[in-house]
Amino acid sequence: MYKNSEGYSDPTAGAAMSSMMKEYRQTRKKVWQRQNEMKTRKKVYVASRYAGNVEENTAAALDYCRYVIKGNCIPVASHILYAASGMLNDNSEAERELGLMFGLSLLAVCDEVWVFGDISAGMQQEITEAKRLGKRVRYVKEGV
């Protein structure tokens with residue numbers, strides 16, 4: 001039983017507080033369910049070109065990531081994370097190899113690999129690794 005500041009029973013205030021708390025818990029439950037749904041989405045490794053026309057390829061990779069998001073999945077694009085961000089220098093052989101190894105490590109925790117566009121040597125490594133790990137490889141046509 002809810003008691004007021006003077007210690008007397010206050011069933012009206014108690015009912016109001018109870019109703020407010022019930023509404024709060026229902027709202028929080030919906031938020032938690034939505035957050036859990038988002039966290040448990042399929043993780044998709046995005047394989048697309050980076051080298052060559054870097055500016056154009058980076059823009060395309062971002063479009064591919066948006067496409068993955070529209071498919072209710074979580075995109076993982078290592079070339080955007082490491083090379084396009086400037087974290088690693090793609091023109092340095094050592095840093096490029098490091099980026100490829102980081103990418104393959106991320107690929108291992110993804111559920112699927114989606115391949116966009118013409119396949120480069122780096123993308124072929126990613127496809128080979130995905131198949132070795134038993135991941136589903138999906139080829140997505142250009143212009144998504």
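Is Cys73 buried or exposed? In this predicted model, Cys73 counts as buried, at 5% relative accessibility. The tour returns to this cysteine after a visit to a helix.

Select residues 54-70 to display helix H2, which has 17 residues. From its first C-alpha to its last, helix H2 reaches 24 Å, close to the 24 Å expected at 1.5 Å a residue.

Next, show the side chains of Asn57, Thr58, Ala61, Tyr64, Cys65 and Val68, which are buried in H2. These residues lie on the same side of H2, because they cover an arc of only 115° around the axis. Turn then to the other side of H2, where Glu55, Glu56 and Lys70 are exposed.

To see what covers the buried residues of H2, add strand S1 (43-47), strand S2 (74-76), helix H3 (78-84) and strand S3 (112-116), which are included in that cover.

Move on to Asn72, just after H2; this residue takes a positive phi of about 60°.

Finally, select the cysteines Cys65, Cys73 and Cys110. Cys65, on helix H2, is buried, with a relative accessible area of 11%. How far is the sulfur of Cys65 from the closest cysteine sulfur? The distance is 11 Å, to Cys110, which is too far for a bond. For Cys73, the closest cysteine sulfur is also in Cys110, and the separation of 10 Å is again too far for a bond. A disulfide would require the two sulfur atoms to be within 2.5 Å. The structure as a whole holds 0 disulfides.

Definitions and conventions:
Residues are numbered from 1 along each chain as its sequence is written. This is a predicted model: local features need pLDDT of at least 70, side-chain atom pairs count only at pLDDT 80 or more; totals for chains, interfaces and linings use all residues. Side-chain values use heavy atoms; hydrogens and water are left out. Helices (H or I, at least four residues) and strands (E, at least two) are DSSP runs, numbered from the N terminus. The expected span of a helix is 1.5 Å times one less than its number of residues. Buried means under 20% relative accessible area, exposed over 50%, partly exposed in between (1.4 Å probe, protein chains only). The arc is that of the directions from the helix axis to the C-beta atoms. Contact means heavy atoms within 4.5 Å.
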